[in-house]
Amino acid sequence: MKIKNYLHMLENIEGEVEHTVDRIISGLKDDKVMVIKNQQQTEADALLSAVAEQLGLHDSLMLQAGFASAQKHREQVGEYFMSVNARGDYQYIPPHCEGTVSTNIQLAAFYAEQNTTDGGETILFHLDQDYLSNVPLYEVVNKVRIKGAELPQQMVAMLAMIHKVRIPDDLLRDNDEVLTSDHVSDFNIDIAQVPKVLKKHTSVILNRDVYSYWDNVASTDKNAAAQFERYLKENQLLRGKLNNESMDNAAKRRVYDGQYKLEDIIDGQITYKLQKGDLVLMNNLTWAHSTANWTPGSGERQIAAAFA
Ligand SMILES: [Fe+2]
């Protein structure tokens, strides 16, 4: 599988640089991946805060940090960062843009406290907007089938909160393709997962609408994991010889089978192993992030993530 190397889209900022924030903003507006070297955690926090502020994303940065600290599987690191999801031995993280259309995360940041394993490379994939304008991707969304009487208003609100379904917009229709269906006996309803054609979403950084590889597109698709594993193999980035299911951290969420090849939806990639003190910033809508696996015990890997 041949995917162009987009290393020219990665810009390193090293040493004391005047107007660092301006340089980061201008790089992001050119859709570059910005790496700021040798940062302390507090400096990374301060830089990220200033960049988010200039992009009008500071509220979102605080919201995401607060949300993360409320979650049990993530730990807060510094002011805005959180530990990345714990993963099992030999697990990789297939490419995805963080969140979904409704979480609207525009900016992704990673900070390396330590990264000395024999793998764990970050692979960033740039989405091919031309291809995606012609061939749709599908996001997997929840829809509801009401079997009994009309639901009281309180339950409608609860469904929106817990299952992300809005009534009447998300009522299941006859022509919906049901991928999974769960009966919720308390409400006498079915919650179904259905594929829905992905629409463009506005990138605040680029000030234009783009197609993204949201989590509910990428991590619900069996094909996506198989494609990524093939990519890792072909590029000598796969360690260990386990089966796909146990190496894929999102295996249980995959309910759908997309037909595309990874090289179709991507026009370029950057493979970069984060070094201690690196702060990496990118547009979450145009770049999907992923991580190669590593041999357990081969070193320490502590990477923190922040989103806005
Ligand atoms: Fe992620």
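Trainee: Which residue of β15 is the bridge partner of T122?

Mentor: In this predicted model, T122 is bridged to T291 of β15. T122 also has a bridge partner in β13, namely Y272.

Trainee: How do you know that β7 is paired with β13 and with β15?

Mentor: Count the bridges and set them against the cut-off: two strands pair if there are at least two bridges between them. Strand β7 (residues 122-127) has six bridges to β13 (residues 266-272) and five to β15 (residues 287-291). Those counts meet the cut-off of at least two, so β7 pairs with each of them. The sense is antiparallel with β13, and antiparallel with β15 as well.

Trainee: What makes β7 mostly covered?

Mentor: Six of its six residues are buried, and a residue earns that word with 20 or more other C-beta atoms within 10 Å of its own. The two faces of β7 tell the story nicely: T122, L124 and H126 are buried on one side, and I123, F125 and L127 are buried on the other.

Trainee: Why do those residues divide into two such sets?

Mentor: Because side chains in a regular strand alternate between the two faces of the sheet.

Trainee: Let's move to another sheet. Why are β1 and β3 said to stand at the edges?

Mentor: Read the order of this open sheet of seven strands: β1-β2-β14-β6-β16-β4-β3, with mixed pairing. β1 (10-13) and β3 (76-77) each have a single partner strand, so one side of each has no neighbour in the sheet.

Trainee: How do you know that β3 and β4 count as a pair?

Mentor: They share two bridges in the antiparallel sense, and the cut-off is at least two, so the pair qualifies. In that pairing, V77 is opposite F81 of β4.

Trainee: Which helices lie across strands of this sheet?

Mentor: Among them are α2 and α3. Helix α2 (residues 41-54) crosses β2, β3, β6, β14 and β16, and its direction is at about 175° to β6. Helix α3 (residues 58-70) lies across β3, β4 and β16, at about 130° to β16.

Trainee: Now the backbone. What makes Y90 stand out in its phi value?

Mentor: Phi of Y90 is near 65°, which is positive, and the residue is not a glycine. Y90 sits in the loop between β4 (81-83) and β5 (93-96).

Trainee: And why is Y90 called partly exposed?

Mentor: Y90 has 17 other C-beta atoms within 10 Å. Buried needs 20 or more and exposed needs 12 or fewer, so a count of 17 falls in between.

Trainee: Where is K164, and how do you know that it is partly exposed?

Mentor: K164 lies in the loop between α5 and β9, and its phi is about 55°, again positive in a residue that is not a glycine. It has 14 other C-beta atoms within 10 Å; that is between 12 and 20, so K164 is partly exposed.

Trainee: What else is there in the loop between α5 and β9?

Mentor: P168 is in that loop, between α5 (153-163) and β9 (180-184). The peptide bond from I167 to P168 is cis, with omega about 15°.

Trainee: How do you know that β9 and β10 are paired?

Mentor: Five antiparallel bridges link β9 to β10 (residues 189-197), which passes the cut-off of at least two. S181 is opposite A192 of β10. Their hairpin has four residues between the strands, and N188 there has a positive phi near 55°.

Trainee: How is the protein divided into domains?

Mentor: The domain assignment gives domain 1 as 7-134 + 199-307 and domain 2 as 138-197. Their C-alpha centres are 31 Å apart. Nine residues of domain 1 and nine of domain 2 make the contact. On the domain 1 side, these are four nonpolar, four polar and one charged.

Trainee: Finally, what makes the protein as compact as a globular protein of its length?

Mentor: It has nine helices and 16 strands. Its radius of gyration is 20 Å, and the globule rule gives 19 Å for 308 residues; the two values are close, so the description fits.

Terms used:
Residues are numbered from 1 along each chain as its sequence is written. This is a predicted model: local features need pLDDT of at least 70, side-chain atom pairs count only at pLDDT 80 or more; totals for chains, interfaces and linings use all residues. Domain bounds come from an automatic or database domain assignment. Two residues are in contact if their C-beta atoms, placed from the backbone, lie within 7 Å. Ala, Val, Leu, Ile, Met, Phe, Trp, Tyr, Cys and Pro count as nonpolar, Asp, Glu, Lys and Arg as charged, and the others, Gly among them, as polar. Axes are lines fitted to C-alpha atoms, for helices over the stretch in contact, and angles run from 0 to 180 degrees between N-to-C directions. The radius of gyration is taken over C-alpha atoms; the globule rule is 2.2 Å times the number of residues to the power 0.38.
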